[in-house]
Amino acid sequence: MAQNKTRKRRTMLYIPGNNPGMLQQGGVYGADSVLLDLEDAVALNQKDAARALVRNMLKSINFYNSEVTVRLNHTDTPFGDADLEEIVPLQPDAVRFPKTESVEDLKRLIDRIEAIENKHNLPHDKMKIHAMIETAKGVRNVFEIAEYSKRVDAITIGGQDLTADMNIVKTKDNAGIDYARKQIVMAAKANRIDAIDTVFADVDDDEGLREEALYIKKIGFTGKAVINPRQIDIVNNVFMPTEAEIRKALKIYRGWVDAKKKGLGVFAID
């Protein structure tokens, strides 16, 4: 599995944990991360089978350079503890914890994870945690959540569930969750961790996806979750630096090198 502190997280592709075909091909789609989903994508009567399938895929499938994250069921559900018992010993790059609302939620999760790691003689600093904010309470507490543990290296927003929790109508411009998005970005930036945006549900609206990706990049998100492989290139391209940005960066670097040679602490470029 990809272990690289300089990795990009432009795109995180959701793959239903009960879809063996997509799981087998997960590493070839071109997403920076694959998100093997045991939660919302899996019907209640398929939870056990999906968990077993994801466990076996983690043992046997090469996901190449993609980061591998598993979205667990919440530990308040009948499935969360079993997910942890099966997934934690395999040490994917990260686990995504849904409906994170407080530091107390994280503490219970981390205590449970580290007890399992102790049982298997595993370190506590390899597998990371992505806290998923999907309620108004989670948004209120996101700064404390982001800074609670070094194991948390990304904060992500679940737009659909957040909209439902707020009892508002989802609109194409997502105006109702704009405040939450910006709070999540600020909390992530304050703690030097990644902020991952919610999915764009209309897989046939390429232009709408591109516009939304441009917007969330502008307000500071690191990347975006996607639900269809066709969305990957669009989002990846948005998060790639433009030629103008590259030229400007090179100009700044050359100016810094020249200023350093001259003993200058400040320099200007046009």
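Visitor: How many bridges join strand S4 to S5?

Guide: This is a predicted model, and the answer is read from it. Strand S4 spans residues 94-97, and S5 spans residues 128-133. The two strands run parallel. Ala 94 of S4 stands opposite Lys 128 in S5. The number of bridges joining S4 to S5 is 4.

Visitor: How many of the residues of S5 are buried?

Guide: Strand S5 has 6 residues and is mostly covered. Buried here means under 20% relative accessible area. The count of buried residues in S5 is 5.

Visitor: Which strand pairs with S2 over 5 bridges?

Guide: S2 covers residues 33-37. Its partner pairs with it in the parallel sense. Pro 16 stands opposite Asp 37 in S2. The partner, at residues 11-16, is strand S1.

Visitor: Which residues of S2 lie on the side opposite Ser 33, Leu 35 and Asp 37?

Guide: In a regular strand the side chains alternate between the two faces of the sheet. In S2, 5 of the 5 residues are buried, so this strand is largely enclosed by the rest of the structure. Ser 33, Leu 35 and Asp 37 are buried on one side. Buried on the other are Val 34 and Leu 36.

Visitor: Which two residues touch the most other members of the largest nonpolar core?

Guide: Nonpolar side chains tend to be buried together in soluble globular proteins. Here the largest nonpolar core holds 59 residues. The two that touch the most other members are Leu 36 and Ile 155.

Visitor: How many residues form the second core?

Guide: This core is separate from the largest one. Its members include Tyr 14, Met 132, Val 199 and Ala 225. The second core has 5 residues.

Visitor: Which Phe is in contact with Leu 36?

Guide: Neighbours within four places in sequence are left aside. The contacts of Leu 36 then include Ile 15, Leu 23, Val 54 and Leu 58. Also in contact are Val 68, Thr 69, Val 70 and Arg 71. The Phe in contact with Leu 36 is Phe 63.

Visitor: Is Asp 32 buried or exposed?

Guide: Asp 32 lies in the loop between helix H1 (20-25) and strand S2. Beyond four places in sequence, Asp 32 touches residues including Lys 8, Arg 9, Arg 10 and Asn 236. Its relative accessibility is 12%. Since the cut-off is under 20%, Asp 32 counts as buried.

Visitor: Which residues does Asn 174 touch, not counting residues up to four places away in sequence?

Guide: Asn 174 sits in the loop between helix H7 (159-166) and helix H8 (178-190). At 6% relative accessibility, Asn 174 counts as buried. The residues touched are Arg 181 and Glu 212.

Visitor: What is the relative accessible area of Leu 162?

Guide: Leu 162 is found in helix H7. Not counting residues up to four places away in sequence, Leu 162 touches several residues, including Val 139, Ile 157, Ile 177 and Ala 180. Leu 162 is buried, and its relative accessible area is 1%.

Visitor: What is the phi of Gln 91?

Guide: Most residues other than glycine have a negative phi. Gln 91 is not a glycine, yet its phi is positive. Gln 91 is in the loop between helix H3 (80-87) and S4, and counts as buried at 4% relative accessibility. Its phi is about 50°.

Visitor: Is Arg 192 buried or exposed?

Guide: Arg 192 lies in the loop between H8 and strand S7 (194-197). Its phi is positive, near 55°. Its relative accessibility is 74%. The cut-off is over 50%, so Arg 192 counts as exposed.

Visitor: How far apart in space are Glu 211 and Ile 234, C-alpha to C-alpha?

Guide: Glu 211 lies in helix H9, residues 206-218. Glu 211 is partly exposed, with a relative accessible area of 47%. In sequence, Glu 211 and Ile 234 are 23 residues apart. In space their separation is 10.0 Å.

Visitor: Which residue lies over the face of Phe 79?

Guide: A charge sits over a ring if NZ of Lys or CZ of Arg is within 6 Å of the ring centre. Here the distance from the ring centre is 5.8 Å. The residue over Phe 79 is Lys 47.

Visitor: What distance separates the centres of domain 1 and domain 2?

Guide: Domain 1 runs over 11-239, and domain 2 over 242-269. Their centres are taken over C-alpha atoms. The separation is 37 Å.

How values were computed:
Residues numbered from 1 in each chain as written. Predicted model: local features only at pLDDT ≥ 70, side-chain atom pairs only at ≥ 80, totals over all residues. Heavy atoms only, no water. Lys NZ or Arg CZ within 6 Å of the ring centre and 35° of its normal. Core = buried A, V, L, I, M, F, W, Y, C linked by side-chain atoms within 4.5 Å. Buried < 20%, exposed > 50% of the residue type's maximum accessible area, 1.4 Å probe, protein only. Contact = heavy atoms within 4.5 Å. Domains from an automatic or database assignment. Pairing = 2+ DSSP bridges.
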